[in-house]
Amino acid sequence: MSVGPVLVDIQKLDLALMRDTATLKDMPEIRELARKRRAYLKLKSQSTRLAAQRKDIETDLADLAEDERACKAAVGEAEAGADGLDYRAVQDLEIRLSDLAKRLEKIARARLSCEADLAEQVRREEQHASVMAALEEAVKVETRAAREIAAELQERINRNRAERERLAGQLPAEELDRYEAARKRFNGLAVEVREGTVPSVCRTGLSAASVSDLDRAGEVGECPYCHRILVTLPNEEEL
């Protein structure tokens with residue numbers, strides 16, 4: 001293969017390598033996974049907070065149960081000692097029993113409120129756990145998919161690098177050095193193809209004198225306008 005087509009093919013590979021390497025480095029799938037992992041960690045933190053809130057309610061219920069037991073025990077003791085009391089003592093006992101009854105009613109109301117709070121808290125935790133489980137599964141599935149995409153990209157990169165190395169070995173050293181210098185200068189677009197009298201990159205029409213000079217130079221010359229490597233392919237093949 002002559003120098004011109006090799007330069008064109010090397011540039012195609014280099015541009016593909018640039019695109020694939022950039023895509024691999026900044027895969028949207030990876031960004032989305034990172035977002036979902038952050039969301040999962042936030043949900044996990046919220047899960048800990050929800051569990052602590054439920055524990056507080058359960059503690060309140062346990063305290064109410066203990067208060068209820070203490071009140072009922074006090075009622076039992078008061079009633080057991082009611083026999084043989086004089087009128088004044090009986091009045092004091094009735095007042096005490098009335099206070100204990102009111103306290104038991106208050107405990108009962110508080111317990112109903114706490115039980116409702118606990119039921120709502122459990123519902124919230126179950127809903128939260130369901131969202132977490134769905135997000136965790138999505139992260140697992142998308143992680144596998146992202147790995148497959150990354151593996152395909154890396155395989156293509158490796159294949160193109162090997163082909164690029166093979167083609168580079170077909171070029172004379174001075175032509176390869178010239179191409180590498182131009183590639184750095186023009187950010188990858190070092191080579192353009194002459195399409196009649198128009199270079200494929202800068203698209204500036206060549207003068208008759210320039211066309212004559214390029215014809216004398218052969219298949220590889222230099223664009224007089226943008227100074228990229230200008231290749232004339234047989235039958236005017238496109239880049």
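Where is the place of Arg 203? In this predicted model, Arg 203 sits in the loop between strand S2 (198-199) and helix H5 (208-217). Its backbone is notable for a positive phi of about 60°, although Arg 203 is not a glycine. Most residues other than glycine have a negative phi. The relative accessible area of Arg 203 is 48%. Arg 203 is therefore partly exposed, since that class ends at 50%.

Asn 187 also carries a positive phi, here about 55°, and is not a glycine. This residue lies in the loop between H4 and strand S1 (191-195). Its relative accessibility is 62%. Asn 187 counts as exposed because the cut-off is over 50%.

Helix packing was examined next. Helix H1 covers residues 3-25, and helix H4 covers residues 173-185. Their axes come within 12 Å and cross at roughly 40°. H1 is therefore oblique to H4. The crossing of H1 past H4 is right-handed. On the H1 side, the contact is made by Val 3, Leu 7, Ile 10, Gln 11 and Asp 14. On the H4 side, Glu 175, Tyr 179 and Arg 183 take part. By class, the residues of this contact divide into 4 nonpolar, 1 polar and 3 charged.

H1 also packs against helix H3 (residues 87-168), with the axes coming within 9 Å. The crossing angle is roughly 155°. H1 is thus roughly antiparallel to H3, as the angle is over 145 degrees. This crossing is left-handed. H1 contributes Val 6, Asp 9, Ile 10, Leu 13, Asp 14, Ala 16, Leu 17, Asp 20, Thr 21, Thr 23 and Leu 24. These residues meet a set in H3 that includes Ala 150, Leu 153, Gln 154, Arg 156, Ile 157 and Asn 160. Further H3 residues in the contact include Arg 161, Glu 163, Arg 164, Leu 167 and Ala 168. The contact of H1 with H3 holds 11 nonpolar, 4 polar and 7 charged residues. Ile 10 and Asp 14 of H1 appear in the contact with H4 and in the contact with H3.

The nonpolar interior was then considered. In soluble globular proteins, nonpolar side chains tend to be buried together. The largest nonpolar core of the model has 18 residues. Those with the most contacts inside this core are Leu 7, Val 8, Ile 10, Tyr 179, Val 191, Ile 229 and Val 231. Two or more residues of the core come from each of H1, H3, H4, S1 and strand S4 (229-231). H1 gives the largest share, 5 residues. Leu 7, Ile 10 and Tyr 179 belong to this core, and these residues also take part in the contact of H1 with H4. A second, separate core has 11 residues. Among them are Ile 57, Leu 64, Leu 104 and Ile 107.

One further position in helix H3 is Met 132. Its relative accessibility is 11%. Met 132 therefore counts as buried, the limit being under 20%. Leu 43 is 89 residues from Met 132 in sequence. In space, the C-alpha atoms of Met 132 and Leu 43 are 6.6 Å apart. Neighbours within four places in sequence aside, Met 132 is in contact with Tyr 40, Leu 43, Lys 44 and Ser 47.

Key: Residues numbered from 1 in each chain as written. Predicted model: local features only at pLDDT ≥ 70, side-chain atom pairs only at ≥ 80, totals over all residues. Heavy atoms only, no water. Axes fitted to C-alpha atoms, helices over the stretch in contact; angles between N-to-C directions. Helix = DSSP H or I, 4+ residues; strand = E, 2+ residues; numbered from the N terminus. Parallel < 35°, antiparallel > 145°, perpendicular 65-115°, else oblique. Left-handed = near helix turned anticlockwise from the far one by under 90°. Contact = heavy atoms within 4.5 Å. Nonpolar A, V, L, I, M, F, W, Y, C, P; charged D, E, K, R; others polar. Buried < 20%, exposed > 50% of the residue type's maximum accessible area, 1.4 Å probe, protein only. Core = buried A, V, L, I, M, F, W, Y, C linked by side-chain atoms within 4.5 Å.
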